[in-house]
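Work through the exercises below with the structure open beside you. Try each task before reading its solution.

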Amino acid sequence: MQKRIFKTIAILTITVSLIVFFASAYILFYKASQNTMNTVQNETKQIASVLNENPNYLENNTVLTDSRITLISSTGEVIYDNTLDISNLDIHKDRPEVINAINDGYSSSIRKSDSIQTQLYYYAIKLNNGNVIRLSQNTNTVWGIIIPQINLIVIATILILLLSLFIANWATKKIVEPINKLDLQNPLSNKVYPELTDLLLSLEENNKVKREFSANVSHELKTPLTSISGYAEIMANGISKVEDQKIFSQKIYDESQKLINKINDIIKVSKLDENKVEQDYSIINYKYLLEEIIQELKPNLSNKNITLETELQDVSGEAIRYIIHDALYNIIQNGIKYNKKNGKLYIILNQFNDKIYIRVKDTGIGINQDDIPRIFERFFRADRSHNSKIEGTGLGLAITKHSIALHNGTIDVYSKPNEGTVFEIILPKEKSSL
Ligand code: ADP
């Protein structure tokens, strides 16, 4: 990151410096040309008015000026020139400013001279007797201003570059230093710039979730272990009746199973959380996958005498099979677990555009409006008293939510207590849209 900030600042300062430099050169050039043009125009006007009074003025007087003065007859012959020998000069009738001055009374033009660095500005006025008086001066081009100063410019550019790099280095250090010194264990104790507040708040939230998770894990594991240890102790003391021993062993077995399920779910949710799942994408047929899950849950359905209705289109998509399997298994299992005896379960699968839609609807106990936002939290089980008879770890939906998010999908829930619940999962068909 340090390198990127440095690069951005360096590019920015260098670009700004170069823009300022060239803009200044252009402004200088513009001002200088404007000056020259004004001078040439004024001088031409003055000489023209003198010549209108006294047509032979130039032949008899010397005009002190930096401009080249040329007097041209209406036929184009050069009558007078203050810098060049007129006998060597060709007919000037083709010069644009002369042609235009004859037609319009006055005219100007800018033409490049042989050398690239200079160009000439001409101003011409038609006199009362039909002759044309024309003055001209060199005006610099932008390069004409820059090139003579090239040594200075190179030195200035190097200085600007060095200064930019120095500023970029200093600014980068200033930005990065407080970030490197952050106390990540106690994010809110850091006194840094306000731009980091959101980051620190989410870090704090993250830490809180982690702390709660550890506390919950210990608590959730302790409950079955306490039972196991209690039953085992009674059996070990030899104070239990022989006929109870079978019951106690069964309880120990059941509690151990619960413990194993919980640990498996904890491992799953942690792996998903840390992005440590194998990114094993393949094309999966969702219809077959759902049919497979239904088959696995057949005993659960018949135990509660639940009628299943399905509407499964032949839909395929790219996904990590075992992750999607577990996610959908949890939702369908819940639709049975939290259903009423003789209830109904609907599973609908279809696709629209490049998305896959899976809806699981039950006619079960439903979820209180207040609990809905919390059901995806780890270890959250709505209405504990009601749920105490229903087996669960409170991790299923947390796993499902993470799994769907990993595939860049969404999961929504609609529920009414005592009427039922609908879970809607939307998944992209292709991994490329991740
Ligand atoms: P659990 O192991 O308790 O089923 P989940 O994470 O799968 O854990 O679900 C969290 C809680 O959400 C459940 O304890 C239950 O209160 C509620 N819940 C989930 N699915 C349903 C459903 N289909 N109908 C009613 N309540 C549900």
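## Exercise 1: The ligand and its polar partners

**Task.** Find which polar side-chain atom lies 2.8 Å from an oxygen atom of the ligand, then trace the other polar partners.

**Solution.**
Step 1. The atom belongs to Asn334, whose polar side-chain atom is 2.8 Å from a ligand oxygen. Keep in mind that this is a predicted model.

Step 2. Turn to the nitrogen atoms of the ligand. An N or O atom in the side chain of Asp362 is 2.9 Å from a ligand nitrogen. Thr421 also has a polar side-chain atom 3.4 Å from a nitrogen atom of the ligand.

Step 3. Look at the cover. On its own, the ligand has 530 Å² of accessible area, and the protein covers 97% of it.

## Exercise 2: The shell around the ligand

**Task.** State how many residues surround the ligand, and which helices and strand each supply at least two residues of the shell.

**Solution.**
Step 1. Count the shell: 19 residues surround the ligand. The closest are Asn334, Tyr338, Arg381, Thr393 and Leu397.

Step 2. Sort the shell by class. Eight residues are nonpolar, eight are polar and three are charged.

Step 3. Assign the elements. Helix H10 (321–337), helix H12 (396–406) and strand S12 (420–428) each give at least two residues to the shell.

## Exercise 3: Helix H12

**Task.** Decide whether H12 is largely enclosed or largely open.

**Solution.**
Step 1. Use the cut-off: buried means under 20% relative accessible area.

Step 2. Apply it. The buried residues of H12 are Gly396, Leu397, Ala398, Ile399, Thr400, Ser403, Ile404 and Leu406.

Step 3. Conclude. Eight of the eleven residues of H12 are buried, so the helix is largely enclosed by the rest of the structure.

Step 4. Name the cover. It includes helix H7 (242–273), strand S6 (281–285), strand S8 (316–320), H10, strand S11 (410–416) and S12.

Step 5. Look past the helix. Asn408 follows H12, and its phi is positive, near 65 degrees.

## Exercise 4: Ser109 and Asn54

**Task.** Classify Ser109 as buried or exposed, then do likewise for Asn54.

**Solution.**
Step 1. Locate Ser109 in strand S3 (residues 106–112).

Step 2. Its relative accessible area is 12%, so Ser109 is buried.

Step 3. List its contacts. Beyond its neighbours within four places in sequence, Ser109 touches Pro96, Glu97, Leu120, Tyr121 and Tyr122. With the side chain of Glu97, the Ser109 side chain makes a polar contact at 2.9 Å.

Step 4. Locate Asn54 in the loop between helix H1 (2–53) and helix H2 (57–60). Its relative accessibility is 33%, so Asn54 counts as partly exposed.

Step 5. Check a long distance. Asn54 and Val209 are 155 residues apart in sequence, and their C-alpha atoms are 101 Å apart in space.

## Exercise 5: The whole protein

**Task.** Explain why the protein is described as more spread out than a compact globule.

**Solution.**
Step 1. Take stock of the elements: the protein has twelve helices and twelve strands.

Step 2. Compare the radius of gyration with the rule. The protein has 45 Å, well over the 22 Å that the globule rule gives for 434 residues, so it is more spread out than a compact globule.

Step 3. Look at the extent. The C-alpha trace spans about 145 × 50 × 35 Å along its principal axes.

Step 4. Add burial and surface. Buried residues make up 38% of the 434 residues. The accessible surface is about 26200 Å², and 55% of it belongs to carbon and sulfur atoms.

Key: Residues numbered from 1 in each chain as written. Predicted model: local features only at pLDDT ≥ 70, side-chain atom pairs only at ≥ 80, totals over all residues. Heavy atoms only, no water. Near = heavy atom within 4 Å. Polar contact = N/O pair within 3.5 Å; in protein donor to acceptor, adjacent residues only side chain to side chain. Areas by Shrake-Rupley, 256 points an atom, 1.4 Å probe, with all protein chains shown as cover. Helix = DSSP H or I, 4+ residues; strand = E, 2+ residues; numbered from the N terminus. Nonpolar A, V, L, I, M, F, W, Y, C, P; charged D, E, K, R; others polar. Rg over C-alpha atoms; globule rule 2.2 N^0.38 Å. Buried < 20%, exposed > 50% of the residue type's maximum accessible area, 1.4 Å probe, protein only. Contact = heavy atoms within 4.5 Å.
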